[in-house]
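Please look through the sequence and the model below before reading on. The report that follows takes up aromatic contacts, the nonpolar core, the main pocket and a few single residues.

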Amino acid sequence: MADLTRIGLSALLTGTSASIVSAAALALLSKAEGKSAVQPINATSHWLHGDNAAEFARLDTRHTLLGYATHNASAVFWALPFATWLAFRRPRTPAQLLGDASVVAAIAAMVDYGITPKRLTPGWELVLPKRSMFAAFAVLAIGLALGARAAQSVLERR
């Protein structure tokens with residue numbers, strides 16, 4: 001399989017895994033804060049609907065589907081440099097994958113909340129305190145590592 005195709009498939013699998021795991025964590029963190037489980041994902045749609053998207057507490061197409069699609073696209077975006085990095089390294093142990101994924105998640109957090117214009121941030125800050133946002137990025141790292149491990153297994157069989 002061509003390297004670019006392999007990297008692309010790995011990024012898609014890795015990012016989707018990270019997206020699912022981090023969305024679940026966001027739901028749990030939001031519930032722990034006394035908010036609706038879907039509010040952080042709804043808040044991600046604030047790039048289109050404005051900051052009041054974070055106040056929408058129900059599951060719906062307009063906020064939740066758009067928010068999750070945006071969240072998933074972002075996770076796949078961050079998985080692409082991660083998959084590229086891994087493609088040019090020796091096979092990684094689970095601990096090494098988690099370390100590498102933690103670096104990518106930290107860079108994502110810095111870019112998302114340090115460089116990116118407010119309208120294009122994940123929007124989690126509209127719903128969650130900083131400690132929960134930190135936890136969400138930590139779980140994103142776990143999702144990236146788990147996804148990369150799964151992608152390695154799937155692509156080795158090809």
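What follows describes a predicted model, topic by topic.

## Aromatic pairs

The structure contains 3 aromatic pairs. One of them joins tyrosine 113 and phenylalanine 137 in an edge-to-face arrangement, with 6.2 Å from centre to centre and 90 degrees between the planes. This pair connects distant parts of the chain, since tyrosine 113 belongs to helix 5 (residues 94-115) and phenylalanine 137 to helix 6 (residues 130-156), 24 residues apart. The two partners can also be described by their accessibility: tyrosine 113 counts as partly exposed at 28% relative accessibility, whereas phenylalanine 137 is buried, with a relative accessible area of 8%.

Phenylalanine 137 also pairs with tryptophan 124, and because the ring centres are 5.0 Å apart and the planes stand at 50 degrees, this pair is tilted. Here too distant parts of the chain are linked, with tryptophan 124 in the loop between helix 5 and helix 6, phenylalanine 137 in helix 6, and their positions 13 residues apart in the numbering. Tryptophan 124 is buried, its relative accessible area being 4%. Through such ring pairs, Tyr113, Trp124 and Phe137 are linked into a cluster.

## A charge over a ring

Another contact to an aromatic ring involves a charged group: the charged end of arginine 89 sits over the ring of tryptophan 85, at 3.4 Å from the ring centre.

## The nonpolar core

In soluble globular proteins, nonpolar side chains tend to be buried together. In this model the largest nonpolar core comprises 31 residues, and those with the most contacts inside it are Phe82, Trp124 and Leu144. Two or more residues of this core come from each of helix 1 (3-32), helix 2 (39-44), helix 4 (61-87), helix 5 and helix 6. Helix 6 makes the largest contribution to this core, with 8 residues. Trp124 therefore appears in two settings, as a buried residue with a relative accessible area of 4% and as a member of the ring cluster with Tyr113 and Phe137.

The surroundings of phenylalanine 82 can be listed in full: when neighbours within four places in sequence are left aside, phenylalanine 82 is in contact with Thr14, Leu97, Asp100, Ala101, Val104, Leu144, Ala145 and Ala148.

## Two buried alanines

Among the contacts of phenylalanine 82 is Ala101, a residue of helix 5 that counts as buried at 0% relative accessibility. With neighbours within four places in sequence again left aside, alanine 101 is in contact with Phe82, Ala141, Leu144 and Ala145. For one of these partners the backbone separation can be given as well, since the C-alpha atoms of alanine 101 and alanine 145 are separated by 5.6 Å, although the two residues are 44 residues apart along the chain.

Alanine 83 has its place in helix 4 and is buried, with a relative accessible area of 4%. Not counting residues up to four places away in sequence, alanine 83 touches Ile7, Ser10 and Ala11. The C-alpha atoms of alanine 83 and serine 10 are separated by 6.0 Å, while their positions lie 73 residues apart in the numbering.

## The largest pocket

The largest pocket has a volume of about 390 Å³. It is lined by 18 residues, of which Arg6, Leu86, Ala87, Arg89 and Gln152 are the closest to its centre; Arg89 is also the residue whose charged end sits over the ring of tryptophan 85.

Helix 1, helix 4 and helix 6 each supply at least two residues of the lining of this pocket. Helix 6 provides the largest share, 6 residues, and helix 6 also gives the most to the largest nonpolar core.

## A buried asparagine and an exposed leucine

Is asparagine 42, for its part, buried or exposed? Asparagine 42, which lies in helix 2, is buried, with a relative accessible area of 0%. Its contacts, not counting residues up to four places away in sequence, are with Ala53, Phe56, Ala57, Arg58, His63 and Thr64.

Leucine 65, by contrast, counts as exposed at 53% relative accessibility, and lies in helix 4. Leucine 65 and leucine 26 are 39 residues apart in sequence, and their C-alpha atoms are 15 Å apart in space.

Technical notes. Residues numbered from 1 in each chain as written. Predicted model: local features only at pLDDT ≥ 70, side-chain atom pairs only at ≥ 80, totals over all residues. Heavy atoms only, no water. Phe/Tyr/Trp six-rings, centres within 6.5 Å; stacked < 30°, edge-to-face > 60°. Helix = DSSP H or I, 4+ residues; strand = E, 2+ residues; numbered from the N terminus. Buried < 20%, exposed > 50% of the residue type's maximum accessible area, 1.4 Å probe, protein only. Lys NZ or Arg CZ within 6 Å of the ring centre and 35° of its normal. Core = buried A, V, L, I, M, F, W, Y, C linked by side-chain atoms within 4.5 Å. Contact = heavy atoms within 4.5 Å. 1 Å grid on protein atoms, 1.4 Å probe; cavity = no way out; pocket = protein on both sides within 12 Å on 5 of 7 lines; lining within 4 Å. Points joined across faces, edges and corners; volume = space filled by probe spheres on them.
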